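Trainee: Could we go through some of the labels used for this model? I'd like to hear the reasoning behind each one.

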Amino acid sequence: MHTEPKSIIEGLYTAVLVTDSQQRIIYANPAAEQLLSISHLRLESMKFCDLVDRSETSFLHNLPSPVRPGFQGLTAAGILLSPEPGNSLQVNLSVGLYSGRGHGLLIEMHSIDHQQKLADAVSLQTQHTAARDLIRNLAHEIKNPLGGIRGAAQLLELSYASKEPDLKEYTSVIIEQTDRLKKLVDNLLGPQHPNPLVWTNIHYVIEKVLSLAAMQKRINVRFEKDYDPSLPELRLDVDSIQQVLLNIVNNAIDAMADAKTEHPLIRVVTRAESGHIVREHKYPTVVAITISNNGPEIPEEIRQTIFYPMVTTKANGNGLGLSIAQSIIERHGGSLECRSNPSETTFKIVLPIQKTSRSAQTTNEVNPL
């Protein structure tokens, strides 16, 4: 392929394959590599028909081999691909004629799972934002009268405590409970003055969190770490990201302790991923942090709303931790998602890698390392 058309195709979100007249793959763009989880070098040693599941007999029958100039193209929905054993996915396909050095197929692939995931993510984000705004509006309305109640209790205490000593016991309860509610409301509203973003090695933050979690000794948890040492530094609100990671790790420990999980394990993996889409924005490269545990499965009905305020599986929880965590990750331009099955629960944090180099930042920024 000529350089300019090739560079354009490599920048597409759509997965594209090009074959020769015998269906041998001669080109795969990065989106196709990511979709199929196979490198272009391996793909270019395969035939396109080898990617299609054997059960798709009708579709395979309609694929021309050899490809001739008169081929009119075809489209197909819900075609099952099986690039490798254990790796299958459903896609919508558009197959056209490619005329370059000879004739071949030009194949566009759209993952049904990926499209559904994007649609679900947008829907969940809209619902979460609406719920969070409602909670914050209510919190604002609650906060003002709380100040009045506390002030009135203090005035009562000052005015009558000397005459009626028992009154102080009651006013102290009012003040104590008012302060507790104010703290809850402040958590609902979130940080009013977020910390500045500073260049930080994400592994420094993870190690600090795991050290804090290990010191609590609630259960004998084994920590596995699989880090990518080549990851660049990120501009982060270090305290807030630490809060996010500690919340996820502590939730995992609590869940495994409550379920009396045998051989409790938390595994933390960091990787660079390319072409990741976060809330309809495609980033060239992101840092992905996955925190997995072998505790009990999170029920489906909870998993759908787990990042909403006031949703929790804990008997004594307030359901604010993960809602606040998602808000923090969103402020960093990233995403937070949850997957769970009977054998493993995983939280995945995605943080974009900034294009601006560290040296281009102002010298007033201090690296916490």
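Trainee: Are Phe-48 and Phe-59 buried or exposed?

Mentor: In this predicted model, both Phe-48 and Phe-59 are buried. That label calls for under 20% relative accessible area. Across the protein chain, buried residues make up 40% of the 369 residues.

Trainee: What makes the pair of Phe-48 and Phe-59 edge-to-face?

Mentor: Two values decide that. Ring centres must lie within 6.5 Å, and planes over 60 degrees apart count as edge-to-face. Here the centres are 6.5 Å apart and the planes stand at 80°, so the pair of Phe-48 and Phe-59 is edge-to-face. The count by this rule is 1 aromatic pair.

Trainee: Which parts of the chain does the pair link?

Mentor: Distant ones: Phe-48 sits in helix α4 (residues 48–51) and Phe-59 in helix α5 (residues 57–62), 11 residues apart.

Trainee: Now the helices. Why are α8 and α9 called oblique to each other?

Mentor: Start with the axes: those of helix α8 (residues 202–216) and helix α9 (residues 238–258) cross at roughly 40° and come within 9 Å. Roughly parallel would need an angle under 35 degrees, and roughly perpendicular runs from 65 to 115. An angle of roughly 40° fits neither range, and α8 and α9 are therefore oblique. Their crossing is right-handed.

Trainee: Which residues meet there?

Mentor: Among them are Ile-202, Val-205 and Lys-208 in α8, and Val-238, Gln-242 and Asn-250 in α9. By class, the contact of α8 with α9 has 13 nonpolar, 3 polar and 1 charged residues.

Definitions and conventions: Residues are numbered from 1 along each chain as its sequence is written. This is a predicted model: local features need pLDDT of at least 70, side-chain atom pairs count only at pLDDT 80 or more; totals for chains, interfaces and linings use all residues. Side-chain values use heavy atoms; hydrogens and water are left out. Rings of Phe, Tyr and Trp (its six-membered ring) pair if their centres lie within 6.5 Å; planes under 30 degrees apart count as stacked, over 60 as edge-to-face and the rest as tilted. Helices (H or I, at least four residues) and strands (E, at least two) are DSSP runs, numbered from the N terminus. Buried means under 20% relative accessible area, exposed over 50%, partly exposed in between (1.4 Å probe, protein chains only). Axes are lines fitted to C-alpha atoms, for helices over the stretch in contact, and angles run from 0 to 180 degrees between N-to-C directions. Angles under 35 degrees count as roughly parallel, over 145 as roughly antiparallel, 65 to 115 as roughly perpendicular and the rest as oblique. A crossing is left-handed if the near helix is turned anticlockwise from the far one by less than a right angle, and right-handed if clockwise. Contact means heavy atoms within 4.5 Å. Ala, Val, Leu, Ile, Met, Phe, Trp, Tyr, Cys and Pro count as nonpolar, Asp, Glu, Lys and Arg as charged, and the others, Gly among them, as polar.
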